[in-house]
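Student: I am new to this structure. Could you take one helix and walk me through it closely, then show me how it sits among the rest?

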Amino acid sequence: MADDISIAEDSGDDVARGSRRANPMDVHVGSRVRLRRMLLGMSQEKLGEHLGLTFQQVQKYEKGVNRIGASRLFDLAKVLGVPVQFFYDEAPMGIRTSGTVMTGFAEQPDESYVVDFLGTREGLELNKAFARITDPKVRRSIVDLVRSLAGEES
């Protein structure tokens, strides 16, 4: 039955059966693990200690090289303080099952750029620093500055 599920390929290149290519869903789930870990300011080593893993194993999970099993995903959710669903939020589309594209039950806004931004060290640092600014006028000035630097009108 598992053979009925396949992933839509972006290229027409033939890939040898059994080759080790990261599954898009595994990559997505791993990136969500990384995002949450970074938002908490937790190192891969510290997360690994909580789970009884090495930081290398955490690294492989985050890159999507190794799949995260159900019990491990449950443990990750507990340690990172999120529901299991968090790891599937904003999941990539294009997963096919028996030749039919499954797009989900509801349309979701394309806000993956926010997740991508917060997944970077600079994005996370900027977000944390911005959140510490208490003066609303200063916050508004920073938003206006960034918009002007990006070439965007207010």
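Tutor: What follows is a close look at helix α2, and then at its surroundings. Keep in mind that this is a predicted model.

Start with the whole. The protein chain has seven helices and three strands. Along the sequence they run β-α-α-α-α-β-β-α-α-α. The chain counts 154 residues, and 23% of them are buried. Its exposed area is about 11200 Å², with 53% supplied by carbon and sulfur atoms. Now take contacts between residues at least 6 apart in sequence: 58% of them join residues at least 24 apart.

Now the helix itself. Helix α2 covers residues 44-51. Which of its residues are buried? They are Gln44, Leu47, Gly48 and Leu51. Look down the axis of α2: these buried residues fall within an arc of 100°, so they line one face of the helix. What covers them? The cover includes α1, α3 and α4. Helix α3 spans residues 55-63.

Turn to the other face. Away from the buried side, α2 carries the exposed residues Glu45 and Glu49. Glu49 has a partner. Its side chain meets that of Lys46 in a salt bridge, at 3.5 Å from N to O. Side chains of opposite charge can pair when their charged atoms come close. Lys46 and Glu49 both belong to α2 and are three residues apart, about one turn of the helix. Lys46 has a relative accessibility of 40%, so Lys46 counts as partly exposed.

Follow the chain past the end of the helix. Just after α2 comes Gly52, with a positive phi of about 75°.

Next, look at two of the helices that help cover α2. Take α1 for a start. Arg32 lies in this helix, which spans residues 24-39. The side chain of Arg32 meets that of Asp89 in a salt bridge, at 4.0 Å from N to O. Where is Asp89? It sits in the loop between α4 (70-80) and β2 (95-97), so the pair ties together parts that are 57 residues apart in sequence. Buried or exposed, for Arg32? Arg32 is buried, with a relative accessible area of 5%. Asp89 is partly exposed, at 30%.

Then α4. Phe74 has its place in this helix. Phe74 is partly exposed, with a relative accessible area of 46%. Together with Val84 and Tyr88, Phe74 forms a nonpolar patch on the surface. The accessible area of the three together is about 260 Å².

One more pair is worth setting beside the one in α2. Go to helix α7, residues 136-149. There the side chains of Asp144 and Arg140 meet in a salt bridge, at 3.2 Å from N to O. Asp144 and Arg140 are four residues apart, so about one helical turn separates them. Asp144 is partly exposed, with 30% relative accessibility. Arg140 is partly exposed too, at 43%. The count of salt bridges comes to five, and the pairs described here are among them.

Back to α2 to finish. Its buried face holds Gln44, Leu47, Gly48 and Leu51, with α1, α3 and α4 among what covers them. Its opposite face carries Glu45 and Glu49, and Glu49 is bridged to Lys46.

Methods. Residues are numbered from 1 along each chain as its sequence is written. This is a predicted model: local features need pLDDT of at least 70, side-chain atom pairs count only at pLDDT 80 or more; totals for chains, interfaces and linings use all residues. Side-chain values use heavy atoms; hydrogens and water are left out. Buried means under 20% relative accessible area, exposed over 50%, partly exposed in between (1.4 Å probe, protein chains only). Patches are made of residues with over 30% relative accessible area and no salt bridge: like charges are joined within 9 Å, nonpolar side chains (Val, Leu, Ile, Met, Phe, Trp, Tyr) within 5 Å. Accessible areas come from the Shrake-Rupley method with a 1.4 Å probe; for residues, only the protein chains shown count as cover. The arc is that of the directions from the helix axis to the C-beta atoms. Contact means heavy atoms within 4.5 Å.
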